[in-house]
Amino acid sequence: MVFKTIISLAMMSFIGKAIGSCDFAKKDGFNCCNGCTVTYTDASGKWGVENNQWCGIDSSCDAKSATCWSAAEGFPCCSTTTAVVLTDSKGKWGIENNNWCGIVESAAADGSCWATSQGYPCCTGCDAIYTDGSGKWGFENNNWCGIVDSQCNSQQQQPQQPDNGSQQNGGSQQNGGSQQTGGGSGVSGQTAPGWTPGNDQVLPGYLSTKGHNIVDSKGRKVQLSGLSWFGGETTNLSPHGLWANSLANFIKIVKDNGYNHLRYPWTNEMFFEGAKTQSVDQVNNPDLADLSPLEIMDAVINECGKAGLKVYLDRHRPLSGGQSELWYVDEVDEAKWIEDWQFLAKRYKGNPTVIGADLHNEPHGKACWGCGEEERDWRLAAERCGNAIHEVNPDWLIIVEGNDHYGEEGWQKGESYWWGGMLKGVKEFPVRLNTPNKLVYSAHDYDKNVHMQDWFKEADFPDNMPPIWDDKWGYIVKEDIAPVLIGEFGSLLRDATDVKWLSYLIDYMKENEVHWTFWCLNPNSGDTEGILGYDWKTVNTKKDGILTPGKAPNFLL
């Protein structure tokens with residue numbers, strides 16, 4: 001059975017195409033699409049977008065009907081009692097007599113709201129984000145909704161004819177075979193751990209960059225606004241709080257409060273022989289209690305994917321005992337650092353929930369930017385690691401933090417800033433990736449409760465902060481060099497000045513289209529605390545309220 005299933009997984013995407021045609025696209029120099037997701041329809045036929053290029057929708061896709069849509073893929077439909085085994089962009093699949101079969105779900109053809117049978121409303125608009133065996137899905141008011149074709153057909157406008165210059169992604173097209181339309185098209189996409197039904201419904205798919213913006217595969221501007229959930233980088237080797245609340249409840253809190261992604265910190269110790277998690281409660285999380293650190297990471301990603309949240313991974317430290325100045329230590333050398341990143345990139349390839357890699361958290365001290373010394377030039381190391389990741393997974397964003405100083409003369413470090421927060425060297429020494437439209441710079445910024453910096457003592461603080469942000473990292477956005485993500489910022493909000501500092505930073509980031517990940521979801525960060533109270537359930541409405549103007553629950557600007 002296992003062998004037959006593997007064979008069918010590998011062959012399923014190819015069999016159905018033999019009975020269809022997309023000659024209308026070929027004669028104009030376009031390929032046929034692998035999937036059946038329609039982006040535009042014109043007089044010549046139906047068009048999709050794959051690998052950032054226009055493609056023709058195969059006529060076999062029209063065979064998807066309420067009677068047996070999977071016939072277009074070369075498979076029968078299931079009997080009414082067959083259980084769902086997998087869900088992909090084509091529909092829901094079961095197994096009968098050791099063969100795959102398509103599960104038919106009736107969709108109303110009379111203009112009624114068919115999605116209500118699955119617990120969703122129907123859309124007021126007609127912008128299809130995702131298509132499965134049930135019908136076409138949109139996303140409105142921070143919720144999935146069903147598109148009623150009979151209503152939308154009368155509203156449909158004629159699009160422009162695709163041409164060879166059409167670009168659905170405004171950035172460079174140097175990402176080889178990168179799947180920008182969801183990765184897991186077809187049941188054969190269900191190959192990597194961390195993939196479950198629902199992950200290919202994540203809005204808005206894989207991400208790239210265009211100037212200072214992050215964009216989706218349709219070229220739409222995307223705003224990342226989320227939270228770090230730490231613990232995976234500590235001796236627990238799993239996110240903190242799983243002893244007090246369920247994973248599902250944590251993700252629900254994040255989603256319900258309008259955040260759109262999580263940053264998942266990890267340590268290379270999770271790959272050490274015999275690595276085990278600690279403090280995962282059997283009562284709150286019985287399904288997680290006996291999992292390995294890697295399997296816990298899988299589970300968090302799965303839950304985020306089902307909720308429509310994105311995740312980026314943060315190599316927070318080589319060893320769980322503390323943060324390192326450089327990206328390597330004796331126990332975890334550079335080769336191991338890159339090897340572990342490539343492992344994760346391969347593991348989650350094809351899973352659009354995972355959008356990128358924060359290569360190393362807070363380089364500082366010995367770590368220089370642009371000094372040219374291979375053993376300590378963080379900018380050069382980021383290039384080596386980022387390009388190595390793209391060799392195995394070209395879909396990911398590569399997130400490169402700054403260091404803590406600008407300029408060096410002997411032992412003098414020059415102008416200083418927060419660990420990971422100094423990006424002044426980018427102007428003279430930018431990071432050079434082989435796929436440049438996947439680069440995001442990241443800075444960390446905190447208030448006076450973390451460390452009493454000189455600028456906090458000035459008479460005009462916090463009114464003096466915007467020019468400081470401009471100087472250290474904001475210019476990268478203002479000069480349209482690349483996107484900037486403030487990967488950590490937080491505050492205890494001890495006084496009115498702290499409130500003003502945080503409000504100023506949110507306003508600055510919103511005005512300049514800067515992305516952000518707040519530190520943190522956890523309450524147990526000593527110098528900042530977090531969004532949750534110490535019961536791991538109650539939301540700090542004061543902090544959350546200050547962040548709210550900068551949120552983008554549906555990602556799109």
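Helices and strands here are DSSP runs, numbered from the N terminus, with a helix having at least four residues and a strand at least two. With that in hand, we can place Asp480: this residue sits in the loop between helix H8 and strand E22 (484-488). Please keep in mind that the model is a predicted one.

Let's step back and look at the whole chain before returning to that loop. The protein has 557 residues, and 57% of them count as buried. Its secondary structure comprises ten helices and 23 strands. Among contacts between residues at least 6 apart in sequence, 69% join residues at least 24 apart.

Next, the interior. The largest nonpolar core holds 93 residues, and the members that touch the most others are Leu313, Trp341, Leu359, Trp473 and Phe489. There is also a second, separate core of eleven residues, including Ile214, Ile355, Val440 and Leu485.

Trp473 is a good residue to click on. Setting aside residues up to four places away in sequence, Trp473 touches Tyr417, Gly421, Leu423, Ala443, Asp445, Val484, Ile486, Leu505, Tyr508 and Val514. Two of these partners, Leu505 and Tyr508, take us to helix H9, since they belong to the contact that H9 makes with H8.

How do the axes of H8 and H9 cross? Helix H8 spans residues 465-478 and helix H9 spans residues 496-511; their axes come within 12 Å and cross at roughly 25°. Angles under 35 degrees count as roughly parallel, and H8 and H9 are therefore roughly parallel to each other. Their crossing is right-handed. On the H8 side, the contact is made by Met465, Pro466, Trp469, Asp470, Trp473, Gly474 and Lys478, while H9 supplies Trp501, Tyr504, Leu505 and Tyr508. Sorted by class, these are eight nonpolar residues, one polar and two charged.

A second helix pair is worth setting beside this one. The axes of helix H5 (residues 293-307) and helix H6 (residues 334-347) come within 13 Å and cross at roughly 40°. H5 and H6 are therefore oblique to each other, and their crossing, too, is right-handed. Here the contact involves Leu294, Met297 and Asp298 from H5, together with Phe343, Leu344 and Arg347 from H6. Those residues divide into four nonpolar, no polar and two charged.

Helix H4 (residues 247-256) offers another view of burial: Leu247, Phe250, Ile251, Ile253, Val254 and Lys255 are buried there. After H4 comes Gly258, with a positive phi near 90°.

For a strand position, turn to Gly356 in strand E17 (residues 354-358). Is Gly356 buried or exposed? Its relative accessibility is 0%, so Gly356 counts as buried. Beyond its neighbours within four places in sequence, Gly356 is in contact with Val311, Tyr312, Leu313, Trp396 and Leu397. Of these, Tyr312 is 44 residues apart from Gly356 in sequence, yet the two are 4.8 Å apart in space, C-alpha to C-alpha. Leu313 may look familiar, as it was named among the core members that touch the most others.

Finally, some backbone details in the loops. Most residues other than glycine have a negative phi, and most peptide bonds are trans. That background makes a few places worth a look.

Asp480, where we began, has a positive phi of about 60° although it is not a glycine. At 42% relative accessibility, Asp480 counts as partly exposed. Glu513 also has a positive phi, of about 55°, without being a glycine. Glu513 belongs to the loop between H9 and strand E23, and because its relative accessibility is 18%, it counts as buried.

Which peptide bonds are cis? One is the bond from Phe461 to Pro462, with omega near 5°. Pro462 is found in the loop between strand E21 (439-444) and H8, the helix that carries Trp473. Another is the bond from Trp519 to Cys520, with omega near 10°. Cys520 lies in the loop between strand E23 (515-518) and helix H10 (541-547).

Definitions and conventions:
Residues are numbered from 1 along each chain as its sequence is written. This is a predicted model: local features need pLDDT of at least 70, side-chain atom pairs count only at pLDDT 80 or more; totals for chains, interfaces and linings use all residues. Side-chain values use heavy atoms; hydrogens and water are left out. A nonpolar core is a set of buried Ala, Val, Leu, Ile, Met, Phe, Trp, Tyr and Cys residues joined through side-chain atoms within 4.5 Å. Buried means under 20% relative accessible area, exposed over 50%, partly exposed in between (1.4 Å probe, protein chains only). Contact means heavy atoms within 4.5 Å. Axes are lines fitted to C-alpha atoms, for helices over the stretch in contact, and angles run from 0 to 180 degrees between N-to-C directions. Angles under 35 degrees count as roughly parallel, over 145 as roughly antiparallel, 65 to 115 as roughly perpendicular and the rest as oblique. A crossing is left-handed if the near helix is turned anticlockwise from the far one by less than a right angle, and right-handed if clockwise. Ala, Val, Leu, Ile, Met, Phe, Trp, Tyr, Cys and Pro count as nonpolar, Asp, Glu, Lys and Arg as charged, and the others, Gly among them, as polar.
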